[in-house]
Amino acid sequence: MSRIPLIAGNWKMHKTLSATRTLLAELRLALRDTDGVEVAVAPPFTALAAAAEALRGSAIRIGAQNMHESEEGAFTGEISPVMLTDLGANFVILGHSERRALFGEGDELINRKVRRALISDLEVVLCIGETLEERRANRTDKVLRKQLEAGLETVKPEEIRRITIAYEPVWAIGTSVVASTDEVASAHAFIRKWVTSKLGEEAAGALRILYGGSVSGDNAAGLMALADVDGLLVGGASLKPDKFIPIIEYDGAR
Ligand code: PGA
């Protein structure tokens, strides 16, 4: 089954409004042709409206980096899925390891957010991945299984089309240490196998699995050449056009 590759930039807590406009204008100019690949950016909440404006008429998709699990309510400081679609967001990143580790988000909460996002017409990029300690203890598959089982609980096979899984080993995020091709290949194969067994072959065949963690122009092509790697989730290198564009153009095209 052919899956369109997705290259997504997670801006994290970076970029003011003017910096957002500048970056996206540069990106649009450089990427005249995005045929054969889907490009997406996930700016901070405050820049989503400006990003939607800057990307009007472009094929580049827009995502948020988190959301609250409810549609609305007395949740001071939170942002709801309805507000995100209202701003022009197409998808939301959920379960990023920074949300899990620094903001105490557990699998059950992440699952409630996944289900709410689907109801609210947002696609989901669900991040999973093991810590260095877990990898050293040979617990990688176990951790991935638990995060998949809990994160995708009650998700139906037909809904998987609106979900993308991002495998992001925690020890590779922002460290310049990229996982080896063997490590990535084995984790991605494990994820596809798990989805096949739980949700069926068709759902698993359609599912895009991204790799994330210190992706750069130097390693993008090697990662994308792996059988079960359908795209890349890029943090630091998505903040500068001269770093992000070579990743989008990993195959020498465009
Ligand atoms: P990085 O971040 O590319 O800076 O390692 C990836 C991510 O956190 O999604």
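This is a short tour of the pockets, the ligand and the cavity in the structure above. Keep in mind that you are looking at a predicted model.

**Stop 1: the largest pocket**

Start by selecting Lys12, Met13, Gln65, Arg99 and Phe103. Among the 14 residues lining the largest pocket, these sit closest to its centre. The space in here comes to about 380 Å³. Next, colour helix α4, residues 97–102: with three residues, α4 gives the most to this lining. What mix of residues would you find around the lining of the largest pocket? Colour by class and you'll get seven nonpolar, four polar and three charged.

**Stop 2: the second largest pocket**

Now jump to Ser214, Val215, Gly235, Gly236 and Ala237. They are the closest to the centre of the second largest pocket, out of 20 residues that line it. This pocket holds about 290 Å³ of space. Its lining divides into twelve polar, five nonpolar and three charged residues.

**Stop 3: the ligand**

Where does the ligand sit? You're already there: it's in the second largest pocket. Show the residues around the ligand, and you should have 13 of them, with Lys12, His96, Glu168, Gly174 and Ser214 coming nearest. Lys12 may ring a bell, as you picked it at the first stop among the residues closest to the centre of the largest pocket. By class, this shell is made up of seven polar, four nonpolar and two charged residues.

Zoom in on the oxygen atoms of the ligand and try these distances in turn:

- Gly174: a backbone N or O atom lies 2.6 Å from a ligand oxygen.
- Ser214: a polar backbone atom is 2.8 Å from an oxygen of the ligand.
- Gly235: here too, a polar backbone atom is 2.8 Å from a ligand oxygen.

How much of the ligand does the protein bury? On its own the ligand exposes 280 Å², and the protein buries 94% of that.

**Stop 4: the cavity**

Last, hide the ligand and look for the enclosed space. There is one cavity of 30 Å³ or more, and about 70 Å³ of space lies in it. To see its walls, select Leu6, Glu38, Ala40, Arg61, Phe91, Glu123, Val124, Val125, Arg162, Thr164 and Arg208. Then colour strands β2 (38–42) and β5 (123–128), the elements that give two or more residues to this lining. Which of them gives the most? That's β5, with three residues. Finish by colouring the cavity lining by class: five residues are nonpolar, five are charged and one is polar.

Key
Residues are numbered from 1 along each chain as its sequence is written. This is a predicted model: local features need pLDDT of at least 70, side-chain atom pairs count only at pLDDT 80 or more; totals for chains, interfaces and linings use all residues. Side-chain values use heavy atoms; hydrogens and water are left out. On a 1 Å grid over the protein atoms alone, a cavity is a set of points where a 1.4 Å probe fits but cannot get out, and a pocket is an open set with protein on both sides within 12 Å along at least five of seven lines; lining residues have an atom within 4 Å of a point. Grid points are joined across faces, edges and corners, and a volume is the space filled by probe spheres set on the points. Helices (H or I, at least four residues) and strands (E, at least two) are DSSP runs, numbered from the N terminus. Ala, Val, Leu, Ile, Met, Phe, Trp, Tyr, Cys and Pro count as nonpolar, Asp, Glu, Lys and Arg as charged, and the others, Gly among them, as polar. A residue is near a molecule or strand if one of its heavy atoms lies within 4 Å of it. A polar contact is a pair of N or O atoms within 3.5 Å; within protein, one must be able to donate a hydrogen and the other to accept it, and residues adjacent in sequence count only if both atoms are side-chain atoms. Accessible areas come from the Shrake-Rupley method with a 1.4 Å probe; for residues, only the protein chains shown count as cover. A molecule sits in a cavity or pocket if more than half of its atoms lie within 2 Å of its grid points.
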